[in-house]
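Biologist: Before I use this model at the bench, I would like to know what stands behind the words used to describe it. Please take the terms one by one.

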Amino acid sequence: MPEIMEEPVSKFVKIRCPKCKNEQIMYGKASSEVRCLVCGKDLAEPTGGKAKIKARVLEVLE
Ligand SMILES: [Zn+2]
């Protein structure tokens with residue numbers, strides 16, 4: 001099955017902030033808000049298990 005990039009489960013993903021282009025790693029099932037480490041923009045929000053990612057997913061890490 002192909003990966004569903006918008007809803008990664010139990011994996012770390014590399015995302016890029018749409019505002020400042022900072023790249024950082026986050027957990028796909030983050031249970032709290034994820035903010036950009038550089039500019040503070042919220043990049044993902046928890047939605048009962050899976051994180052809804054609002055940034056561009058560059059890579060899913062195994
Ligand atoms: Zn940023």
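**Terms and their grounds**

Modeller: The mean pLDDT of the protein is 86, and 85% of the residues score at least 70. The model is predicted.

Biologist: Which elements have the lowest and the highest mean pLDDT?

Modeller: The lowest belongs to β5, with a mean of 86, and the highest to β3, with 96. Where pLDDT is low, the predicted coordinates should not be read in detail.

Biologist: What makes a residue a donor of the zinc ion?

Modeller: A donor is an N, O or S atom within 2.8 Å of the metal. The SG atoms of Cys17, Cys20, Cys36 and Cys39 lie at 2.3 to 2.4 Å from the zinc ion, so they count as donors. Along the chain their spacing is C-x2-C-x15-C-x2-C. The pair Cys20 and Cys36 links distant parts of the chain, 16 residues apart. Cys20 is in the loop between β1 (12-16) and β2 (23-27), and Cys36 is in the loop between β3 (34-35) and β4 (42-47).

Biologist: Why is the site of the zinc ion called tetrahedral?

Modeller: Four donors earn that name if all angles lie between 85 and 135 degrees. Here the angles among the four donor atoms are 103 to 117 degrees, so the site is tetrahedral. The ideal angle for four tetrahedral donors is 109.5 degrees.

Biologist: How many disulfides does the structure hold?

Modeller: Zero. A disulfide would need a pair of cysteine sulfur atoms within 2.5 Å.

Biologist: Are Cys20, Cys36 and Cys39 buried or exposed, or something in between?

Modeller: Buried means under 20% relative accessible area, exposed means over 50%, and partly exposed is in between. Cys36 has 4%, so Cys36 is buried. Cys20 has 30% and therefore counts as partly exposed. Cys39, with 31%, is also partly exposed.

Biologist: What makes Lys21 worth a remark?

Modeller: Lys21 has a positive phi of about 70 degrees although it is not a glycine. Most residues other than glycine have a negative phi. Lys21 lies in the loop between β1 and β2, a hairpin with six residues between the strands. Its relative accessible area is 55%, which is over the 50% cut-off, so Lys21 is exposed.

Biologist: How do you know that β1 pairs with β2 and with β6?

Modeller: Two strands pair if there are at least two bridges between them. Five bridges join β1 to β2, and five join β1 to β6, so both count as pairs. Phe12 has bridge partners on either hand: Tyr27 in β2 and Leu61 in β6. Arg16 is bridged to Glu23 in β2. The result is an open antiparallel sheet of three strands in the order β2-β1-β6. Its edge strands are β2 and β6 (56-61), each paired on one side only. From one strand to the next the twist averages 30 degrees.

Biologist: Which residues of β1 are on the covered face, and which on the uncovered one?

Modeller: Val13 and Ile15 form the covered face, while Phe12, Lys14 and Arg16 form the uncovered one. In a regular strand the side chains alternate between the two faces of the sheet.

Biologist: Why are β3 and β5 called edge strands?

Modeller: They belong to an open antiparallel sheet of three strands ordered β3-β4-β5. β3 and β5 (50-53) each have a single partner strand, so one side of each lacks a neighbour in the sheet. Four bridges join β4 to β5, and one of the bridge pairs is Ala44 with Ile53.

Methods: Residues numbered from 1 in each chain as written. Predicted model: local features only at pLDDT ≥ 70, side-chain atom pairs only at ≥ 80, totals over all residues. Heavy atoms only, no water. Donors = N, O, S within 2.8 Å, 3.2 Å for Na, K, Ca; no water. Tetrahedral: all angles 85-135°; square planar, octahedral: opposite > 155°, others 65-115°. Helix = DSSP H or I, 4+ residues; strand = E, 2+ residues; numbered from the N terminus. Buried < 20%, exposed > 50% of the residue type's maximum accessible area, 1.4 Å probe, protein only. Axes fitted to C-alpha atoms, helices over the stretch in contact; angles between N-to-C directions. pLDDT = per-residue confidence, 0-100.
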